[in-house]
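Student: I have a new model open and would like to learn how to read it feature by feature. Could you walk me through it?

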Amino acid sequence: MARPRVLSGIQPTADSFHLGNYLGAVRQWVTLQETHDAFYCVVDLHAITVATEPAALRRRSRVAAAQLFAAGLDPERATVFVQSHVREHTELAWILICQTGMGEAARMTQFKDKSAKFGEQAASVGLFTYPILQAADILIYQANSVPVGADQKQHLELTRDLGQRFNHRFGDTFTIPEPYILKEVEKITDLQDPSAKMSKSSSSPAGILDVLEQPGPLRKKVMRAVTDTGSEVLFDEENKPGISNLLRIQSALTGTAIPDLVARYEGQGYGTFKKEVAEAVVETFTPIRERTEKLLADEVELDRLLAIGAERARVVARHTMAEVRDRVGF
Ligand code: ADP
Ligand code: NA
């Protein structure tokens, strides 16, 4: 039997993935390629829903793709590509936009959150229709499952609704995807503000650990992570959110359970603990950074890998679109 197909995307909106992206998405994608027919795209069409400088967009798309390969995605097994390279996404998005009710689209809470920053009137229509483009990304590949965190559940529901509606109106065309519940990587929080998640939109770079950062700054940031006035390494989200976050990071990177880490650092104070967390981060990120740099320096090779991915994706997307166009009456 064919392996189930999984689809996921990541936005090229920063010059590096951070530790949250790595643990919450990228590392799990690498695992999924073992069991699934994996399609992963760098969603540059989504990135332009907010004003983006062209040179930055181009650079970030390449950096994102290079990091995915560097993190262990195998171009022989996984289909890794840049969304805009496969034009069919926008065509299907338009068709799905025409199947979506205004009220239905208006209920998407992520638009409300994202547009709150600059006000709904200033937000682009693309930001509003963002979830419908996402539905097109998923349905066009006939994906069986989509890895989702809590923030994406509503968008996957919309995708399922739109797929079912299309099938009902025009005849059976799309596979209706199921959520693939990601391994419970609880949110990694900002090192300077343990009440906020680590995010590229964090207020201070000191709170974020970037995959492409050098060992020196990485160590410094971990050593300076906000903790508390105590000295015991204990997992206590309420009273020791900073230490708890570092324990989550250490546990995720080393595979050691949190209670075992707590036992190991008993009586040792924060210094030793932080030093070892920093080493785990450096050990994980360094090979990925080195492979990313090598791939970015070899433009021909990165282009070649992305062309392979785009071609494989296009075959599936065109197949779906031939049927969609026919059913719609084009
Ligand atoms: P950001 O919050 O920096 O804008 P994105 O929203 O683009 O990051 O997230 C891309 C992926 O990384 C998503 O799958 C998301 O769940 C994961 N992710 C982002 N931040 C974190 C975090 N702090 N902890 C765990 N996973 C995260
Ligand atoms: Na985000």
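Tutor: Gladly. Let us begin with a helix and its length. Helix 10 covers residues 241–254, 14 residues in total, and its first and last C-alpha atoms lie 20 Å apart, close to the 20 Å expected at 1.5 Å a residue. Keep in mind that this is a predicted model.

Student: How far should I trust the prediction, and what is the average pLDDT of the protein chain?

Tutor: The chain averages a pLDDT of 95, and 99% of the residues score at least 70. For the complex, the predictor reports an ipTM of 0.92 and a pTM of 0.95.

Student: Back to helix 10, then. How many of its residues are buried?

Tutor: Burial is judged by relative accessible area, and under 20% counts as buried. Helix 10 is mostly covered, with 11 of its 14 residues buried. Among them are Gly242, Ile243, Leu246, Leu247, Arg248 and Leu253.

Student: Which helices do the buried residues of helix 10 pack against?

Tutor: They pack against helix 1 (19–32), helix 9 (215–223), helix 11 (258–264) and helix 12 (269–297). Look also just past the end of helix 10, where Gly255 has a positive phi of about 80 degrees.

Student: Where can I find a positive phi in a residue other than glycine?

Tutor: Try Gln142, with phi near 55 degrees. Gln142 sits in the loop that links helix 7 to strand 4. With a relative accessibility of 19%, Gln142 counts as buried, because the cut-off for that label is under 20%.

Student: What about a helix with a buried side and an exposed side? How do I read that pattern?

Tutor: The general idea is periodicity. An α-helix has 3.6 residues a turn, so residues three or four places apart point the same way. Now take helix 6, residues 109–116, where Gln110, Phe111 and Ser115 are buried. Viewed down the axis of helix 6, these buried residues fall within an arc of 120 degrees, so they line one face of the helix.

Student: Which exposed residues sit on the face of helix 6 turned away from its buried side?

Tutor: Asp113 and Ala116 do. As for the buried residues of helix 6, what covers them includes helix 7 (125–140) and helix 8.

Student: Now the strands. Do I read them in pairs, and which way does strand 4 run against strand 5, parallel or antiparallel?

Tutor: Pairs are a good way in. Strand 4 (residues 145–148) and strand 5 (residues 178–181) run parallel and are joined by 4 bridges. To get the register, pick one residue and look across: Ser145 has Glu178 in strand 5 as its bridge partner. Then trace the connection, since strand 4, helix 8 (residues 153–170) and strand 5 form a right-handed β-α-β unit.

Student: What does strand 3 pair with, and over how many bridges?

Tutor: Strand 3 pairs with strand 2 (residues 37–42) in the parallel sense, over 4 bridges. Here Val42 stands opposite Val82 of strand 3. Side chains of strand 3 (residues 79–82) point two ways, with Thr79 and Phe81 on one side and Val80 and Val82 on the other, and all are buried.

Student: Let me zoom in on single residues. Which residues does Ser61 contact beyond its sequence neighbours?

Tutor: Leaving out neighbours within four places in sequence, Ser61 is in contact with Pro12, Val42 and Asp44. Ser61 belongs to helix 3 (residues 54–70), and its relative accessible area of 7% makes it buried.

Student: And how do I spot a contact between residues that are far apart in the chain?

Tutor: Compare sequence separation with distance in space. Val282 and Leu218 are 64 residues apart along the chain, while their C-alpha atoms are separated by 6.9 Å. Val282 lies in helix 12 and Leu218 in helix 9. Both count as buried, Val282 at 7% relative accessibility and Leu218 at 1%. Beyond four places in sequence, the contacts of Val282 are Pro215, Leu218, Arg219 and Pro287, and those of Leu218 include Val281 and Phe285.

Student: Is Glu237 buried, partly exposed or exposed?

Tutor: Glu237 counts as partly exposed, at 38% relative accessibility. Glu237 lies in the loop between helix 9 and helix 10. Setting aside residues up to four places away in sequence, Glu237 touches Glu186, Ser244 and Arg248; Ser244 and Arg248 are among the buried residues of helix 10.

Terms used: Residues are numbered from 1 along each chain as its sequence is written. Chains are lettered from A and ligands numbered from 1 in the order in which they are written. Side-chain values use heavy atoms; hydrogens and water are left out. Two strands pair if DSSP finds at least two bridges between them. Helices (H or I, at least four residues) and strands (E, at least two) are DSSP runs, numbered from the N terminus. A crossover is right-handed if, with the strands pointing away from the viewer, the path from the first strand over the helix to the second runs clockwise. pLDDT is the predictor's confidence in each residue, from 0 to 100. Buried means under 20% relative accessible area, exposed over 50%, partly exposed in between (1.4 Å probe, protein chains only). The expected span of a helix is 1.5 Å times one less than its number of residues. Contact means heavy atoms within 4.5 Å. The arc is that of the directions from the helix axis to the C-beta atoms.
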